[in-house]
Amino acid sequence: MTKRELINKAKEAKAFAHVPYSGFSVGAALLTKSGKVYTGCNIENSSFGATICAERIALFKAISEGVTEFESMAVVSSANDVTYPCGICRQVLSDHMYDGKLYFENKDGEIIDSSVKEVLPFKFNNEIPNKK
Ligand code: THU
């Protein structure tokens with residue numbers, strides 16, 4: 001699976017976004033270490049806070065099927081330029097794939113290489129030192 005193929009999977013998923021409130025569609029495609037792809041789109045809700053981002057949908061689909069090892073994620077949006085994950089998604093991604101790569105696409109159609117570490121260099125960590 002190339003970066004371009006993963007970006008294309010994210011674009012396919014973006015078409016399913018449910019965005020009656022923002023009109024802003026996002027698609028994500030998550031590549032597992034075993035080569036499987038899980039996709040996600042943002043799904044908004046009439047109770048706005050219940051909205052879930054595309055990145056978390058893709059990741060939680062995989063985790064809920066017992067998959068825990070991830071290689072990379074591609075994220076695209078209807079902005080047709082680089083759309084970085086929101087702060088909540090950065091923290092969620094960092095808990096499950098801190099060594100993972102991230103791919104975006106800019107307005108010229110070029111793939112931008114990034115990583116979870118790059119977008120969240122100082123992740124929150126709830127490990128208690130000396131915990132038994
Ligand atoms: N959204 C995502 O799906 N991913 C992000 O990382 C940023 C925001 C969605 C949430 C909402 O449905 C819409 O984009 C506008 O904020």
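Two aromatic rings of Phe, Tyr or Trp count as a pair when their centres lie within 6.5 Å. Keep that in mind for the first views of this predicted model: a search of the whole structure turns up two such pairs.

**View 1. Y21 and F48 make a tilted aromatic pair.** Here the ring centres are 5.2 Å apart, with 50° between the planes. The two partners come from distant parts of the chain, 27 residues apart. Y21 sits in the loop between α1 (3-14) and β1 (26-32), while F48 belongs to the loop between β2 (37-41) and α2 (54-63). How accessible is Y21? Its relative accessibility is 46%, so Y21 counts as partly exposed. F48 counts as exposed because its relative accessibility is 58%.

**View 2. Y84 and F104 meet edge-to-face.** This aromatic pair has its centres 4.9 Å apart and its planes at 70°. Again the pair links distant parts of the chain, this time 20 residues apart. Y84 is found in the loop between β3 (70-77) and α3 (87-97), and F104 is in strand β4 (residues 101-105). Is F104 buried or exposed? With a relative accessibility of 0%, F104 counts as buried. Y84 comes in at 45%, so Y84 counts as partly exposed.

**View 3. E44 is buried, but without a salt bridge.** Look for E44 in the loop between β2 and α2. Which side chain of opposite charge is nearest to E44? That would be R56, and it is 11 Å away. Y21 from the first view turns up here too: its backbone nitrogen lies 3.1 Å from a polar atom of the E44 side chain. Leaving aside residues up to four places away in sequence, E44 touches H18, V19, P20, Y21, S22, F24 and T51.

**View 4. K123 places its charge over the ring of Y98.** How far is the charged end of K123 from the centre of that ring? The distance is 5.3 Å.

**View 5. F124 is an exposed residue in the segment after α4 (116-119).** Its relative accessible area is 55%, which means F124 counts as exposed. Try finding S94 as well: F124 and S94 are 30 residues apart in sequence. In space, their C-alpha atoms are 8.7 Å apart.

Key
Residues are numbered from 1 along each chain as its sequence is written. This is a predicted model: local features need pLDDT of at least 70, side-chain atom pairs count only at pLDDT 80 or more; totals for chains, interfaces and linings use all residues. Side-chain values use heavy atoms; hydrogens and water are left out. Rings of Phe, Tyr and Trp (its six-membered ring) pair if their centres lie within 6.5 Å; planes under 30 degrees apart count as stacked, over 60 as edge-to-face and the rest as tilted. Helices (H or I, at least four residues) and strands (E, at least two) are DSSP runs, numbered from the N terminus. Buried means under 20% relative accessible area, exposed over 50%, partly exposed in between (1.4 Å probe, protein chains only). A charge sits over a ring if NZ of Lys or CZ of Arg is within 6 Å of the ring centre and within 35 degrees of the ring normal. Lys and Arg count as positive and Asp and Glu as negative; His and the chain ends are not counted. A salt bridge is a side-chain nitrogen of Lys or Arg within 4 Å of a carboxyl oxygen of Asp or Glu. A polar contact is a pair of N or O atoms within 3.5 Å; within protein, one must be able to donate a hydrogen and the other to accept it, and residues adjacent in sequence count only if both atoms are side-chain atoms. Contact means heavy atoms within 4.5 Å.
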